[in-house]
Amino acid sequence: MRTPNDNSFAERRKAAEDARRKLLTKFASAPKPTDPAMQERLAAREAVAAARSARRAEREALKGAENERILAEAAAQAAARDRRYAARKARQR
């Protein structure tokens with residue numbers, strides 16, 4: 001459906017050019033990576049990422065220790081079961 005004012009091609013091209021120019025000025029005025037505030041934010045992000053990776057490593061270490069404990073417990077139960085089986089077989093002979 002056409003708009004009531006029926007913009008001409010030149011008007012639409014000028015509007016697109018203005019929008020592009022505004023976008024470029026917005027990006028040009030954005031803070032640069034060398035800006036102290038940006039460096040501060042980057043350092044804060046890196047600190048958060050380091051803390052997150054440390055917590056993840058700690059969690060994985062705890063999970064690994066728990067899995068080792070579970071495996072050791074299962075092995076001990078299996079050895080106890082094998083001992084009982086061997087004792088029962090020895091009594092039967």
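In this predicted model, a lysine and a phenylalanine that follow one another in the chain make a good place to start. K26 lies over the face of F27, and its distance from the ring centre comes to 6.0 Å. Rings paired with rings are another matter: the count of aromatic pairs is 0.

Zooming out, the protein is built with 2 helices and 0 strands. Helix 1 covers residues 9-28, and E17 has its place there. Helix 2 takes in residues 36-92, with A65 among them.

How does the overall shape look next to a compact globule? For 93 residues, such a globule would have a radius of gyration near 12 Å, whereas the protein comes out at 35 Å. The C-alpha trace tells its own part of the story, spanning about 105 × 45 × 15 Å along the principal axes.

Distances between chosen residues help to fill in that picture. E17 and E60 sit 43 residues apart along the chain, and their C-alpha atoms are separated by 54 Å. Within the second half of the story, A65 and K89 are 24 residues apart in sequence, with 36 Å between them in space, C-alpha to C-alpha.

What share of the protein counts as buried? Just 1% of the 93 residues do. The two helix residues picked out above can be placed on that scale as well. E17 has a relative accessibility of 39%, so it counts as partly exposed, since that class lies between the 20% and 50% cut-offs. A65, at 46% relative accessibility, is therefore put in the partly exposed class too.

As for the surface as a whole, the accessible area of the protein comes to about 8800 Å². Carbon and sulfur atoms account for 58% of that area.

Charge rounds off the description. The protein carries 24 positive and 13 negative charges. Taking the mean position of each set, the two points are 8 Å apart.

Key. Residues numbered from 1 in each chain as written. Predicted model: local features only at pLDDT ≥ 70, side-chain atom pairs only at ≥ 80, totals over all residues. Heavy atoms only, no water. Phe/Tyr/Trp six-rings, centres within 6.5 Å; stacked < 30°, edge-to-face > 60°. Lys NZ or Arg CZ within 6 Å of the ring centre and 35° of its normal. Helix = DSSP H or I, 4+ residues; strand = E, 2+ residues; numbered from the N terminus. Rg over C-alpha atoms; globule rule 2.2 N^0.38 Å. Buried < 20%, exposed > 50% of the residue type's maximum accessible area, 1.4 Å probe, protein only. Areas by Shrake-Rupley, 256 points an atom, 1.4 Å probe, with all protein chains shown as cover. Lys, Arg positive; Asp, Glu negative; His and termini not counted. Charge placed at Lys NZ, Arg CZ, Asp CG, Glu CD.
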